[in-house]
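Biologist: I have a protein model open on my screen and would love some help reading it. Could we go through it together, one question at a time?

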Amino acid sequence: MSADNAEPALLVDPAQRIFKVARRNFVDREIFEAEKERLFDRCWLYLGHSSELPKPGDFITRSVAGRNILFARDSKQRLRALLNTCPHRGAQVCRERKGNAKSFQCFYHGWTFSADGKLRGQPGEDSYPEDFKARSTSNMQPVPRYESYRDFNFISFDPDIVPLEQYLGNAKEYLDVICDQTGAGMSIVAGSQEYSIRANWKLLTENSIDGYHAVTTHASYFDILMNTTDNMSAGTGGGFGYDLGGGHAVLEYGAPWGRPVAQWIPGWGEAGKTEIARQYDNLVALYGKERADRIALKNRNLFIFPNLVVNDIMALTVRTYFPMAPDYMVINAWALAPNDETAWARKYRLNNFLEFLGPGGFATPDDAEALEHCQRGFKNSKEALWNDISKGMGKDKPSHNDELQMRAFWTQWNRLMFPTPVPSIKDVAA
Ligand code: FES
Ligand code: FE
């Protein structure tokens with residue numbers, strides 16, 4: 001297949017500080033098909049957050065890498081990830097997006113299942129053998145692998161994949177920092193943002209961990225902030241990008257504006273001041289000053305390979321996205337928040353979730369526009385072959401405005417897409 005034998009996908013020479021990405025990786029249909037098989041069928045993929053299903057019987061249906069998944073909490077409080085297809089003749093069993101149910105009845109012939117996927121009954125039961133219900137093949141099938149970390153639930157279609165915690169590796173520490181914003185637990189705020197961009201999905205990966213573009217792409221948003229916020233520079237500081245291994249990467253940097261967690265700016269008035277002081281004191285009591293300062297005063301853009309972004313910035317956003325075509329992706333995003341924050345802080349958080357990060361806000365449309373412009377630029381990819389992501393290459397500690405994070409992603413992408421070929425017998429004999 002041409003995905004395997006065409007020109008190289010990357011051009012890398014550390015000595016000369018060259019790191020280039022072939023633009024055909026963003027447009028080629030065979031690459032797109034190979035990504036489904038080699039990445040999305042093989043990696044851990046984000047399904048949802050445990051807080052979305054607080055009570056027994058709660059369920060959500062979601063599309064993950066093209067599959068229909070039923071994510072449910074059973075009567076014993078256990079979370080289940082099932083393939084949403086009837087073992088009888090294939091119909092999608094649950095047709096609602098979310099809700100609460102004691103059981104799920106397939107609309108076609110009426111087979112009924114409990115939230116753990118077990119067949120409970122079917123019309124005309126006496127026409128089946130007595131042990132029919134006891135057969136595992138009569139039940140809805142669980143997703144091949146399902147595990148969770150800190151209430152982030154992941155699935156994989158590869159039964160042999162390494163355990164989730166091993167897969168997350170160094171990214172776990174950053175998820176811990178994000179989840180430790182309170183001792184009271186974190187929950188997804190009801191509702192989600194769903195939108196699409198006419199661009200390749202990898203452009204959003206790059207954009208989500210790209211500190212370089214903010215000042216130019218989001219110039220108008222920063223103008224507004226400068227004119228409406230009393231202390232735009234509160235907490236401003238440098239930061240760094242980190243390659244976390246396994247394709248995961250993060251930027252961690254000083255927050256240039258107030259955050260809903262523990263960083264006050266004068267424009268917020270007394271309500272904000274009291275709430276921020278309470279949050280900060282809680283963090284110090286829980287973890288000591290050093291960790292409290294890291295949680296409260298830093299922003300983080302965390303990327304978990306291949307398609308999960310957790311932006312811990314002026315709101316906390318969980319975002320996942322899937323390719324539908326080489327030049328088209330769909331995106332889902334949710335706001336995550338401490339359970340014990342006040343109405344004031346929640347309002348501020350949700351304003352930011354909509355105003356900066358939302359598809360109708362001040363920043364995400366800028367990003368979508370930039371990504372679609374790149375995709376249009378790639379129409380010239382037969383002649384103009386390469387993207388350059390070498391910024392900061394060779395530095396001991398690349399800054400958060402460098403492009404180390406993207407190199408981490410692309411290196412793993414390349415490793416999984418084009419594993420070193422096993423030598424043929426002829427090669428070995430020679
Ligand atoms: Fe579900 Fe027949 S396909 S009951
Ligand atoms: Fe942006």
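Modeller: Happily! Let's start with a term: a crossing of two helices is left-handed if the near helix is turned anticlockwise from the far one by less than a right angle, and right-handed if it is turned clockwise. Keep in mind that this is a predicted model.

Biologist: Then which hand does the crossing of α8 and α9 have?

Modeller: Find helix α8 at residues 269-287 and helix α9 at residues 289-297. Now apply the rule about the near and the far helix. The crossing of α8 and α9 comes out right-handed.

Biologist: Are α8 and α9 roughly parallel, roughly perpendicular or oblique to each other?

Modeller: Two packed helices are described by the angle between their axes and the distance between the axes. Here the axes lie 7 Å apart and the angle is about 135°. Angles from 65 to 115 degrees count as roughly perpendicular and those over 145 as roughly antiparallel. The pair α8 and α9 is therefore oblique.

Biologist: How many residues in the contact of α8 with α9 are charged?

Modeller: On the α8 side are Tyr280, Leu283, Val284 and Tyr287, and the residues they meet in α9 include Lys289, Arg291 and Asp293. Ala292, Ile295 and Ala296 of α9 take part too. By class, the contact holds seven nonpolar residues, no polar ones, and a charged group of three.

Biologist: Another helix pair now: at what angle do α5 and α12 cross?

Modeller: Look for helix α5 at residues 201-208 and helix α12 at residues 404-417. Trp201, Lys202, Thr205 and Glu206 of α5 touch Met406, Phe409, Trp410 and Trp413 of α12, a contact of five nonpolar, one polar and two charged residues. The two axes come within 9 Å, and they cross at roughly 145°.

Biologist: Helix α12 also lies across two strands, so which are they?

Modeller: This helix runs at about 60° to β2. Strand β2 (residues 18-22) is joined by four bridges to an antiparallel partner, β1. The strands that α12 lies across are β1 and β2.

Biologist: In the sheet β1-β2-β21, which strands stand at the edges?

Modeller: Strands of a sheet pair through backbone hydrogen bonds, either parallel or antiparallel. This open sheet has antiparallel pairing, and the twist averages 25° from one strand to the next. An edge strand has a single partner, so one side of it is left without a neighbour in the sheet. That describes β1 (10-13) and β21 (386-388).

Biologist: There is also a sheet β8-β9-β10, so what is the bridge partner of Thr112 in β10?

Modeller: This is an open sheet with antiparallel pairing, and its edge strands are β8 (103-105) and β10 (119-121). Strand β9 covers residues 112-114 and pairs with β10 over two bridges. The bridge partner of Thr112 is Gly121.

Biologist: What percentage of residues 45-129 is strand?

Modeller: The UniProt record, an unreviewed entry, annotates this span as "domain: Rieske". Its end C-alpha atoms lie 38 Å apart. The span is 0% helix, and its strand content is 42%.

Biologist: Last one: which peptide bond is cis?

Modeller: Most residues other than glycine have a negative phi, and most peptide bonds are trans. Gln77, in the loop between β5 and β6, has a positive phi of about 75°. As for the peptide bond, go to the loop between β17 (298-304) and β18 (308-312), where Pro306 lies. With omega near 5°, the cis bond is the one from Phe305 to Pro306.

Key: Residues are numbered from 1 along each chain as its sequence is written. Chains are lettered from A and ligands numbered from 1 in the order in which they are written. This is a predicted model: local features need pLDDT of at least 70, side-chain atom pairs count only at pLDDT 80 or more; totals for chains, interfaces and linings use all residues. Side-chain values use heavy atoms; hydrogens and water are left out. Two strands pair if DSSP finds at least two bridges between them. Axes are lines fitted to C-alpha atoms, for helices over the stretch in contact, and angles run from 0 to 180 degrees between N-to-C directions. Angles under 35 degrees count as roughly parallel, over 145 as roughly antiparallel, 65 to 115 as roughly perpendicular and the rest as oblique. Contact means heavy atoms within 4.5 Å. Ala, Val, Leu, Ile, Met, Phe, Trp, Tyr, Cys and Pro count as nonpolar, Asp, Glu, Lys and Arg as charged, and the others, Gly among them, as polar. UniProt positions are given in the numbering used here, feature names are shortened, and annotations may be inferred rather than shown by experiment.
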